[in-house]
Amino acid sequence: MVDVDTILASIGYAGSLDEVEALRVKHLGKQGDISALLKTLGAMSPDERKVEGPKIHALRESVTEALAERKAALEHAALQAQLASETIDLTLPALETPRGSVHPISQVMDELAEIFADLGFAVATGPEIEDDWHNFTALNMPESHPARAMHDTFYFPDRDEQGREMLLRTHTSPVQIRAMIEQGAPIRVIAPGRVYRSDSDATHTPMFHQIEGLVIDKGIHLGHLKWTLETFLKAYFERDDVVLRLRPSYFPFTEPSVEVDVGYTMVNGKRVVGGSEGWMEVLGSGMVNRKVIAAAGLDPDEWQGFAFGTGVDRLAMLKYGMDDLRAFFDGDVRWLSHYGFSALDVPTLSAGVGTAA
């Protein structure tokens, strides 16, 4: 018979977890001496099993309990020794935890909303899945207009209840129509949001962002338009030397229409908005066409106004030095870590709408 006192004593003298494990294998393992005793029960008579069985099971339980207690004691001792030897320097700064950042598009959207809010503009929104009447017809773009071509516009196979074709909006101009119909005049709104066109290269993506502005009132003229755009661009680029040049152009929803160029200077081989070393186009604008005003249910003999539109992505690229529009949508965390903004960097006109990345 195995001597239980000898086994328990050896467990109590074990000085490491490895020794405890070795004793467990020696006594309780498949080839252990206590395991061997358990196997002998099968060869005993019923009367012998009644006598010897409880003794062997009690032995196994005693050894199992002793091993668990010794293991716990050794683990506790090791932990206490580790705590006694290790120290924490509370004067050191805490490890920096990963932080998310605001996407540059979202940042620029906030900057633009802040600027135009100071100029008295409200923010208007509308559906991204639009019908062709709001997206084209109401904006004086007839069915023969090339912008309606399948290779330029994402159409849906379904039509609305009035039989009108449905599509992903190609600009935020339909928001202007909806705002005029719902609010009437006078009105002063900006319409930022996502738009979709079948186009993709370094400066174009199938989905991008636009911001358009609309002013409808009495006595509005091109002078109001130029002042508004000049004030907006100076505030956005945070420079007082922003110079504008208005060139005659054509848009079906404005008449007269003008392309707006902004002056730039070359700094370290890159174009920087400000000055007049050269010119680059930044937005389109003009006086709202009479047909558009009438389509919105207003009297063009009583009301007139101006509208403008530009790409938010392009404004972000110009201000923050990005050179490929596709990077905005790649989802590269490294790019976002470089160009992204802290969630606490809320743009304000008093502190500066452009915050450091």
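**Exercise 1. Find how strand 2 is joined to strand 4, and place both in their sheet.**

Step 1. Three bridges join strand 2 to strand 4 (residues 165-168), and the two run antiparallel. Strands here are DSSP runs of E with at least two residues, helices are runs of H or I with at least four, and both are numbered from the N terminus. Two strands pair if DSSP finds at least two bridges between them.

Step 2. Take one bridge. I129 has L168 in strand 4 as its bridge partner.

Step 3. Widen the view. The order 2-4-3 describes an open sheet of three strands with antiparallel pairing. Strand 2 (129-131) and strand 3 (155-159) are the edge strands, each pairing on one side only. From one strand to the next, the twist averages 35°.

A note on the model: it is predicted, local features need pLDDT of at least 70, side-chain atom pairs count only at pLDDT 80 or more, and totals for chains, interfaces and linings use all residues. Residues are numbered from 1 along each chain as its sequence is written, and side-chain values use heavy atoms, with hydrogens and water left out.

**Exercise 2. Describe the surroundings of strand 8.**

Step 1. Check its cover. In strand 8 (residues 254-267), 10 of the 14 residues are buried. Buried means under 20% relative accessible area, exposed over 50%, and partly exposed in between, with a 1.4 Å probe and protein chains only.

Step 2. Turn to strand 7 (residues 244-251). It pairs with strand 8 in the antiparallel sense over seven bridges. L246 has V260 in strand 8 as its bridge partner. Two residues lie between strand 7 and strand 8 in their hairpin.

Step 3. Add strand 10 (residues 278-288). Nine bridges pair it with strand 8, again antiparallel. E259 has G284 in strand 10 as its bridge partner.

Step 4. Finish with strand 9 (residues 270-273). Four bridges join it to strand 8, and the two run antiparallel. M266 stands opposite R271 in strand 9. The hairpin of strand 8 and strand 9 has two residues between the strands, and N268 takes a positive phi near 55° there.

**Exercise 3. Work out how helix 8 packs on helix 10.**

Step 1. Read the geometry. Helix 8 (residues 222-237) and helix 10 (residues 312-320) pack at an angle of about 50°, with axes 11 Å apart. Therefore helix 8 is oblique to helix 10.

Step 2. List the contact. F232, Y236 and F237 in helix 8 meet L315, A316, L318, K319 and Y320 in helix 10. Contact means heavy atoms within 4.5 Å.

Note on methods. Axes are lines fitted to C-alpha atoms, for helices over the stretch in contact, and angles run from 0 to 180 degrees between N-to-C directions. Angles under 35 degrees count as roughly parallel, over 145 as roughly antiparallel, 65 to 115 as roughly perpendicular and the rest as oblique.
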